[in-house]
Structure formats: C-alpha cells, structure tokens
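Visitor: Please guide me through this model by question and answer. I should like to understand the reasoning behind each reply.

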Amino acid sequence: MENLNPMRHITKCRRKNYHQPFKYVPKELLTEILARVASSSVTDLVNAKACCKEFLEAASEDYIFERVTLDSFPVIPWKISYRVSSFLERCKKSGNPEALFRQGMIDFFSALKHDSGLKMLERAASKGHVEATYVYGILLVCHGAELRNKGVKLLSDLKRSKSSLVITECRKKVQRITWGMWVNNYVVGIGPAQEEEYMKKRKTCSSCNSKLAMCSFTTDQSKPRAGWTSSDEDFEDDPFSCDSCLWDLEATLFCKSLRSGSYRL
C-alpha cells in the first residue's frame with residue numbers, strides 16, 4: 001500500500017543520513033577542508049579524522065601532509081615514537097615546506113650532508129618557506145661567484161616583500177634550531193670575513209658611496225650600521241648600504257653565530 005504520510009517518509013530519510021553528513025560531499029572539497037584544519041592544528045586534524053569515515057579517508061592524501069603544521073613537534077626529534085617518526089617522514093616525502101626546512105638544516109649543519117641539505121632548503125624555499133629562503137640565500141652568498149648573485153637577489157626580494165622584521169624572525173628561528181643541534185659545519189662556503197674587511201669593501205663600493213652622497217643626512221655618522229645589533233637578533237636595515245654589501249655583512253654574522261653562538265662581532 002502506498003505511503004499516504006509524506007512527512008513520515010522524509011523523517012526516515014533524514015534518520016538514514018544523519019550519521020553520514022559528508023557522504024555526498026566531493027572528496028576534493030573534504031581534502032581542502034582538512035588541509036586548512038591541518039595547517040593550524042594537528043589536534044584538530046586528529047579530531048576531524050575521528051568524526052566520520054569520509055574525513056578519515058580524505059586525511060590520507062599527500063596534500064594534507066604537505067599543508068599540516070609541525071609547530072607542536074620538536075625540530076630535533078631526539079626521542080619520538082615510531083608513529084610520530086612515520087608521520088614526520090610522510091610530511092617530508094609529501095613536500096611539507098617546514099619538514100623540508102628542518103631536514104635541510106640538520107643535513108647541512110649537523111650531519112654534514114651538504115648536497116642533500118642544500119637541496120632540501122632549496123625545495124622549501126621554492127614553496128615559499130620564509131626561513132628556508134633566508135638560510136638558502138645566505139648559503140648562496142657564502143659560496144660566491146654566480147650563486148652569490150642569486151643569493152643576494154633572494155634575500156633582497158624577501159626583505160622587500162615581507163619587510164625588515166621578517167629577517168629578525170628568521171634569525172630567531174635559526175638561532176633556536178642551531179642551539180638545539182650539534183653544529184659540525186661552522187664554516188660555510190668561503191667562510192665569514194672579518195668586520196674590518198667588510199668595512200674596507202664598503203668604503204670602496206661605488207653603489208654604497210652613491211647612496212651616501214645622495215642622502216641629506218650623511219653628516220650624522222652616529223647612526224648604527226646594518227647587521228646584528230645590540231639586541232643580537234634584531235635586524236636593522238642600512239639605508240646607506242647596497243644590497244650586495246648588506247647581505248655580505250649578514251652572511252658574515254650568520255657564519256660567526258654558527259661558530260660562537262653569538263651574533264656580535
């Protein structure tokens with residue numbers, strides 16, 4: 001007999017789909033939702049996976065591991081479970097920028113796997129990872145020749161696009177990482193120059209002298225120079241310095257910090 005109560009039929013349909021709210025949602029959309037959740041909190045991602053079968057299946061996509069935040073995991077994993085180790089390895093294989101950056105730092109500065117470390121840092125930088133761009137740029141400046149010009153451009157573009165404050169943040173993060181590892185690669189590329197050598201070079205730099213001549217405040221010689229200032233990690237831009245000299249000094253101080261743990265010359 002035909003059902004004469006349409007409301008009863010609708011109620012049954014609602015009850016049937018009540019526990020499967022995402023059954024008909026496209027998997028691509030579920031993956032994007034989880035990726036945004038993962039980018040802010042691993043805990044929220046775990047909770048979302050436990051929510052329903054659809055989220056659990058979507059969470060296995062590489063795209064999720066590429067976007068997930070690693071803030072709650074130590075940079076140097078001295079003691080971690082197999083489950084966490086497998087998770088971090090999956091993030092690295094999926095191209096997670098932070099995972100690539102961390103592995104690059106460990107390989108280059110601690111494990112003495114220079115080629116592997118440089119490639120990891122380059123991959124992370126190509127994905128827009130700020131700290132990886134900073135370190136990779138510094139390493140290129142230290143290596144000189146054509147790579148030096150590429151490094152100068154990377155660092156200059158980073159400063160222009162983000163402001164000088166981002167360099168300070170990069171310094172702080174690099175410091176936290178290097179303090180937590182055994183640094184075996186103290187001298188990078190050609191090695192750090194002395195401050196006197198930098199100042200001599202700057203005095204003969206036509207670009208720096210042109211900037212100095214055009215500035216109406218050149219009589220004030222008491223203004224601090226660019227570099228790692230009295231508060232160590234704080235970066236202070238130098239309006240009188242060209243990009244080449246500015247990043248030469250930055251590379252010098254970066255290498256100095258690896259040897260001594262101090263950012264002051």
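## Cysteines, helices and confidence

Visitor: How far is the sulfur of cysteine 142 from the closest cysteine sulfur?

Guide: The closest cysteine sulfur belongs to cysteine 255, and it is too far from that of cysteine 142 for a bond. A disulfide is a pair of cysteine sulfur atoms within 2.5 Å. The separation in this predicted model is 3.6 Å.

Visitor: How many disulfides does the structure hold?

Guide: Cysteine 255 takes part in no disulfide, since the nearest cysteine sulfur, that of cysteine 142, lies 3.6 Å away. That separation is too far for a bond. The number of disulfides in the structure is therefore zero.

Visitor: Is cysteine 255 buried or exposed, and at what relative accessibility?

Guide: Buried means under 20% relative accessible area, exposed means over 50%, and partly exposed lies in between (1.4 Å probe, protein chains only). Cysteine 142 is buried with a relative accessible area of 4%. Cysteine 255 also counts as buried, and its relative accessibility is 0%.

Visitor: What is the mean pLDDT of the protein chain?

Guide: The model is predicted: local features need pLDDT (the predictor's confidence in each residue, from 0 to 100) of at least 70, side-chain atom pairs count only at pLDDT 80 or more, and totals for chains, interfaces and linings use all residues. Residues are numbered from 1 along each chain as its sequence is written, while side-chain values use heavy atoms and leave out hydrogens and water. In the protein chain, 72% of the residues reach a pLDDT of 70 or more, and the mean is 80.

Visitor: How many contacts does the stretch of residues 214-230 have beyond near neighbours in sequence?

Guide: Over residues 189-194 the pLDDT is below 50, and this stretch has ten contacts (heavy atoms within 4.5 Å) beyond near neighbours in sequence. Where pLDDT is low, the predicted coordinates should not be read in detail. Over residues 214-230 the pLDDT is likewise below 50, and the number of contacts in the model is 33.

Visitor: How many helices and strands has the protein chain?

Guide: Helices (H or I, at least four residues) and strands (E, at least two) are DSSP runs, numbered from the N terminus. Of the 265 residues of the protein chain, 42% count as buried. The chain has 14 helices and two strands.

Visitor: Which residues of α8 are exposed on the other side?

Guide: Helix α8 covers residues 114-126, and Gly117, Met120, Leu121, Ala124 and Ala125 are buried there. These five cover an arc (taken from the directions from the helix axis to the C-beta atoms) of only 135 degrees, which puts them on the same side of α8. The buried residues pack against α6 (82-93), α7 (97-109) and α9 (130-143). Exposed on the other side are Asp115, Lys119 and Ser126.

Visitor: Which helices are included in what covers the buried residues of α2?

Guide: In α2 (residues 27-38), the buried residues are Leu30, Thr31, Leu34, Ala35 and Ala38. They lie on the same side of α2 because they cover an arc of only 140 degrees around the axis. On the other side, Glu28 and Arg36 are exposed. The cover over the buried residues includes α3 (42-49), α4 (53-58) and α5.

Visitor: What separation lies between the C-alpha atoms of glutamate 66 and proline 97?

Guide: Glutamate 66 belongs to helix α5 (residues 62-67) and counts as partly exposed at 25% relative accessibility. Not counting residues up to four places away in sequence, glutamate 66 touches Ser94, Gly95, Asn96, Pro97 and Lys127. Although glutamate 66 and proline 97 are 31 residues apart along the chain, their C-alpha atoms are separated by 7.2 Å.

Visitor: Which backbone oxygen does the side chain of threonine 178 reach?

Guide: Threonine 178 is found in helix α11 (residues 165-179) and is buried, with a relative accessible area of 11%. Leaving aside neighbours within four places in sequence, threonine 178 is in contact with Met105, Val183 and Leu258. At 3.2 Å, the side chain of threonine 178 reaches the backbone oxygen of glutamine 175.

Visitor: At what distance does the side chain of serine 257 reach the backbone oxygen of phenylalanine 254?

Guide: Serine 257 is part of helix α14 (residues 243-260). Serine 257 is buried, with a relative accessible area of 11%. The side chain of serine 257 reaches the backbone oxygen of phenylalanine 254 at 2.6 Å.

Notes: A polar contact is a pair of N or O atoms within 3.5 Å; within protein, one must be able to donate a hydrogen and the other to accept it, and residues adjacent in sequence count only if both atoms are side-chain atoms. The expected span of a helix is 1.5 Å times one less than its number of residues.
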